[in-house]
Amino acid sequence: MAATMAPSRWLVSALKKTFVVRCNYTDRRTALGCRLLSNVSQPQNGEEGTTHFGFEKVSEEKKTQKVHQVFSKVADRYDLMNDAMSLGVHRLWKDHFIQKLTPTPGTKLLDVAGGTGDIAFRFLEYLKYQDSLQLSWRIPSRMKSPEGWPENPETDDGTSSSSSDEEDDAHHVTVFDINENMLEVGQKRAAERGLLQGIDWVQGNAEELPFDSDSMDAYTIAFGIRNVTRIEKALEEAYRVLKPGGRFMCLEFSEVTNPLIKGAYDLYSFQVIPALGQVLAGDWDSYQYLVESIRKFPAQEEFAYMIEEAGFSCVTVEDLSGGIAAIHSGFKL
């Protein structure tokens with residue numbers, strides 16, 4: 001288990017006592033004025049609840065189907081879509097996201113709505129780079145060439161290294177996505193990059209994760225949670241599968257806080273992005289939905305409150321590029 005991801009129980013207790021007052025925004029109820037209501041209306045008399053698909057009001061089942069259709073259309077052009085939505089800055093945001101996560105050897109990561117592998121690849125490459133730094137520091141110069149390696153390497157106490165110890169220290173990422181087309185694109189990209197070890201691909205719904213409770217060190221979701229029908233349910237599932245001390249991190253488009261940026265960003269979003277979708281991908285409607293879905297997603301403090309309601313502690317928010325995107329982080333303590 002990664003040291004920074006799943007500390008021992010005494011450390012968890014100490015962290016809770018030390019940081020709960022400082023980090024946990026207990027005044028959000030007062031700041032918001034009342035308990036936030038879900039974007040999903042509760043069904044009555046056996047009827048199915050309703051939610052939103054962009055600015056359109058639809059049934060919960062209909063939203064799931066329509067979101068699936070959108071991402072089936074854009075899967076092959078996912079990078080193009082994100083470039084249009086963020087003017088290419090999404091790559092820097094994702095780099096910062098992984099650096100903020102700071103995974104360590106042995107980390108078991110669940111990357112939800114990560115079908116094309118953007119976060120998973122950065123996770124693996126980050127740890128590969130960290131491993132290379134440690135090896136460069138630890139290995140004597142005479143052993144940095146193949147000729148210097150002994151035939152039967154031993155540990156400092158003269159015993160042979162244990163394969164089980166290596167397995168315990170092995171990091172791993174599970175890429176989870178509801179859309180099979182996105183997963184296919186991700187698997188193809190992984191093969192092209194030679195990233196075939198320490199990664200697997202699972203299809204399913206974020207509201208019903210097929211993983212054991214207390215089984216993951218970290219849970220990430222980037223530009224995906226606003227497309228989930230029942231966000232509260234997805235947050236509850238994230239909390240369930242994380243180990244005590246595990247970390248939840250979400251990167252998502254959010255509410256622009258800088259008034260100088262907001263006007264220009266709104267104009268670009270509604271007037272330019274759908275037109276770019278039509279010109280570059282022949283798909284106006286999908287890009288229109290993506291723009292509208294951002295406006296329907298809860299603002300930074302509202303979403304932070306929802307994360308706390310799911311059980312997470314030490315919930316923090318970091319705005320990126322004036323609030324165009326935000327990183328939310330919380331711990332299962």
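How many bridges join strand E3 to strand E6, and in which sense do the two strands run? Four bridges join them, and E3 and E6 run parallel. This pairing opens a tour of a predicted model.

**The whole chain**

Begin with the complete protein chain, coloured by secondary structure. There are 12 helices and nine strands. The chain has 333 residues, of which 46% count as buried. About 17000 Å² of the chain is exposed, and carbon and sulfur atoms supply 52% of that area. Among contacts with a separation of 6 or more, 75% are between residues 24 or more positions apart.

**The sheet**

Next, select the strands E5, E4, E3, E6, E7, E9 and E8. In that order these seven strands form an open sheet with mixed pairing. The edges are E5 and E8 (313–320), each of which pairs on one side only. From one strand to the next, the twist averages 15°.

Return now to E3 and E6. Select Leu109 together with Ala218: Leu109 stands opposite Ala218 in E6. Then display helix H9 (residues 231–241), which lies across E3, E6 and E7. The helix runs at about 145° to E7.

**Strand E4 and its two partners**

Select residues 172–177, which make up strand E4. Is this strand largely enclosed or largely open? Five of its six residues are buried, so E4 is largely enclosed by the rest of the structure.

On one side, E4 pairs with E3 in the parallel sense over five bridges. Highlight Leu110 and Thr174 here, since Thr174 in E4 is the bridge partner of Leu110. E4 is also joined by five bridges to strand E5 (residues 199–203), and these two strands run parallel. Thr174 stands opposite Asp200 in E5. To follow the connection, trace the chain from E4 through helix H8 (residues 180–193) to E5; this β-α-β crossover is right-handed.

**A loop residue: Thr116**

Move to Thr116, in the loop between strand E3 (108–112) and helix H6 (118–138). Is Thr116 buried or exposed? With a relative accessible area of 3%, which is under the 20% limit, Thr116 is buried. Show its surroundings: beyond the residues up to four places away in sequence, Thr116 touches Tyr78, Phe121, Met182, Val185, Gly186 and Arg189.

**The nonpolar cores**

In soluble globular proteins, nonpolar side chains tend to be buried together. The largest nonpolar core here has 48 residues. Select Phe71, Met81, Met85, Trp93, Val173, Leu251 and Phe253, the residues that touch the most other members. Helix H6 gives the most to this core, with seven residues. Apart from this core lies another, of 27 residues, including Leu209, Leu242, Phe297 and Met306.

Centre the view on Leu251. Leaving out residues up to four places away in sequence, its contacts include Trp93, Phe97, Ile221, Phe223, Leu320 and Ile327.

**Last stop: Met249**

Finally, select Met249 in strand E7 (residues 242–253). Why does Met249 count as buried? Its relative accessibility is 0%, and therefore Met249 falls under the 20% limit. Outside its neighbours within four places in sequence, Met249 is in contact with residues including Phe97, Lys100, Leu101, Tyr219, Thr220 and His328. As a closing exercise, display the C-alpha atoms of Met249 and Val317. These residues are 68 residues apart along the chain, and their C-alpha atoms are separated by 9.9 Å.

Methods
Residues numbered from 1 in each chain as written. Predicted model: local features only at pLDDT ≥ 70, side-chain atom pairs only at ≥ 80, totals over all residues. Heavy atoms only, no water. Buried < 20%, exposed > 50% of the residue type's maximum accessible area, 1.4 Å probe, protein only. Contact = heavy atoms within 4.5 Å. Areas by Shrake-Rupley, 256 points an atom, 1.4 Å probe, with all protein chains shown as cover. Core = buried A, V, L, I, M, F, W, Y, C linked by side-chain atoms within 4.5 Å. Pairing = 2+ DSSP bridges. Right-handed = clockwise from strand over helix to strand, strands pointing away. Axes fitted to C-alpha atoms, helices over the stretch in contact; angles between N-to-C directions.
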